[in-house]
Amino acid sequence: MQTVKLGSQGAEVSRMGLGCMGMSEFYGTRNDEESTATIHRALDLGVTFLDTADVYGSGDNEELVGKAIRGRRDEVFLATKFANMRKKDDPKFFAISGKPEYVRAACDASLKRLGIDHIDLYYQHRVDPETPIEDTVGAMAELVAAGKVRYLGLSEASPRTIRRAHKVHPITALQTEYSLWERHVEAEILPTVRELGIGFVPYSPLGRGFLTGTITKPSDLGANDSRTSRYPRFAGENLEKNRALVERVRAIADRKGVLAGQLALAWVLSKGNDIVPIPGTKRRAYLEQNVKAVDIELSASDIAELEAAVPASAIAGERYAPANLKNIDR
């Protein structure tokens, strides 16, 4: 597995990372044993860039990742996030905080759950509209000075917010959704981070699994999977319209002798070495499939064919339900 620079502040990561969210929540039944084995297999394959957050499983995911990397910490470039607040005893509670005192407390709590003495990349998960970004990043910069954090990141931040944050302390990475079926970052966000020397980390580069072509109806997701309720693209007529687009990707993939998901990942990777996707999975078999995407080379005509097969204007449904979409910085 190749390593690449992430941003311009000295961070180096594996060419592809591993998103760990689904190991603890949202995407069906948990299996901590298989999830741990998947993390270990990722490290064996050279996928050393692991991504978690304090909100995933209300802290459970950080504990899982922390236990999995015990004894192998030196192999890992570990990213986690703060700002999204939940309560285990109140499933309906949700809030966002970028207040300096919360930044400090959240970091200490994450370090304890992870069982480590520093976080390699610490993201603000969502921008707090009630707290100036300068105050939030100022507190994050204090964590760097204290040795608790090495590099700073933002998630789902607007170009204006990115610029303001970067003036306070250099931002190493921006994490935002990007895939064949979600390309809004191409207009302003990617040009902004490239101008500032900030790396870009696409989450959901497989469209939350949809671009693998294995999800054809709601029942394919299982009873504990929240995708049909959280993401309109998985529901009703939207699902049918989007499935037709994925079938086009699958046809191209079949012709090339690869899987649809591998081709979708290769498309993201083709967009530049400053882009490091973090496809998530909780199974070793899918991890091994994903890793093979780094060896797929796409020509300019291949890229054009894929983008014509999945035009942004043809994608049905918003990427988030309204309640979640309102939390995106604009």
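**Entry 1: L6 and the core**

I started at L6 and listed what L6 touches, skipping residues up to four places away in sequence: A11, V13, F49, L121, T172, A173, G199, F200, V201 and V276. A reminder to myself that this is a predicted model.

Next I looked up the largest nonpolar core, which has 107 residues. L6 is among the residues that touch the most other members, along with L18, I39, F49, L121, L174 and F200. F49, L121 and F200 were also in my contact list for L6. Then I asked which helix gives the largest share of this core. That is helix 9, residues 260–269, with eight residues. I jotted down the general background too: in soluble globular proteins, nonpolar side chains tend to be buried together.

**Entry 2: the sheet**

I traced the strand order and got 3-4-5-8-9-10-11, an open sheet of seven strands with parallel pairing. Where are the edges? Strand 3 (18–19) sits at one edge and strand 11 (199–203) at the other, and each pairs on one side only. Going back to L6, I see that its contacts G199, F200 and V201 fall within the range of strand 11.

I then zoomed in on strand 8 (residues 119–124) and strand 9 (residues 149–155), which pair in the parallel sense over five bridges. I picked I119 and looked for its bridge partner in strand 9, which is V149.

Helix 4 (residues 133–145) caught my eye here, as it lies across strand 5 (77–82), strand 8 and strand 9. I noted its angle to strand 9 as about 155 degrees.

**Entry 3: two positive phi values**

I checked backbone angles in the loops. S58 is not a glycine, yet its phi is positive, near 50 degrees. I placed S58 in the loop between strand 4 (49–51) and helix 2 (60–69).

A83 is another non-glycine with positive phi, about 115 degrees. It belongs to the loop between strand 5 and strand 6 (84–87). Buried or exposed? A83 has a relative accessible area of 0%, so I logged it as buried.

**Entry 4: helix 2 against helix 3**

Last, I looked at how helix 2 meets helix 3 (residues 100–114): the axes come within 7 Å and cross at roughly 45 degrees. The two helices are therefore oblique to each other. On the helix 2 side I wrote down E62, E63, V65 and G66, and on the helix 3 side S110, R113 and L114. By type, the residues of this contact split into two nonpolar, two polar and three charged.

Definitions and conventions: Residues numbered from 1 in each chain as written. Predicted model: local features only at pLDDT ≥ 70, side-chain atom pairs only at ≥ 80, totals over all residues. Heavy atoms only, no water. Pairing = 2+ DSSP bridges. Helix = DSSP H or I, 4+ residues; strand = E, 2+ residues; numbered from the N terminus. Contact = heavy atoms within 4.5 Å. Axes fitted to C-alpha atoms, helices over the stretch in contact; angles between N-to-C directions. Buried < 20%, exposed > 50% of the residue type's maximum accessible area, 1.4 Å probe, protein only. Core = buried A, V, L, I, M, F, W, Y, C linked by side-chain atoms within 4.5 Å. Parallel < 35°, antiparallel > 145°, perpendicular 65-115°, else oblique. Nonpolar A, V, L, I, M, F, W, Y, C, P; charged D, E, K, R; others polar.
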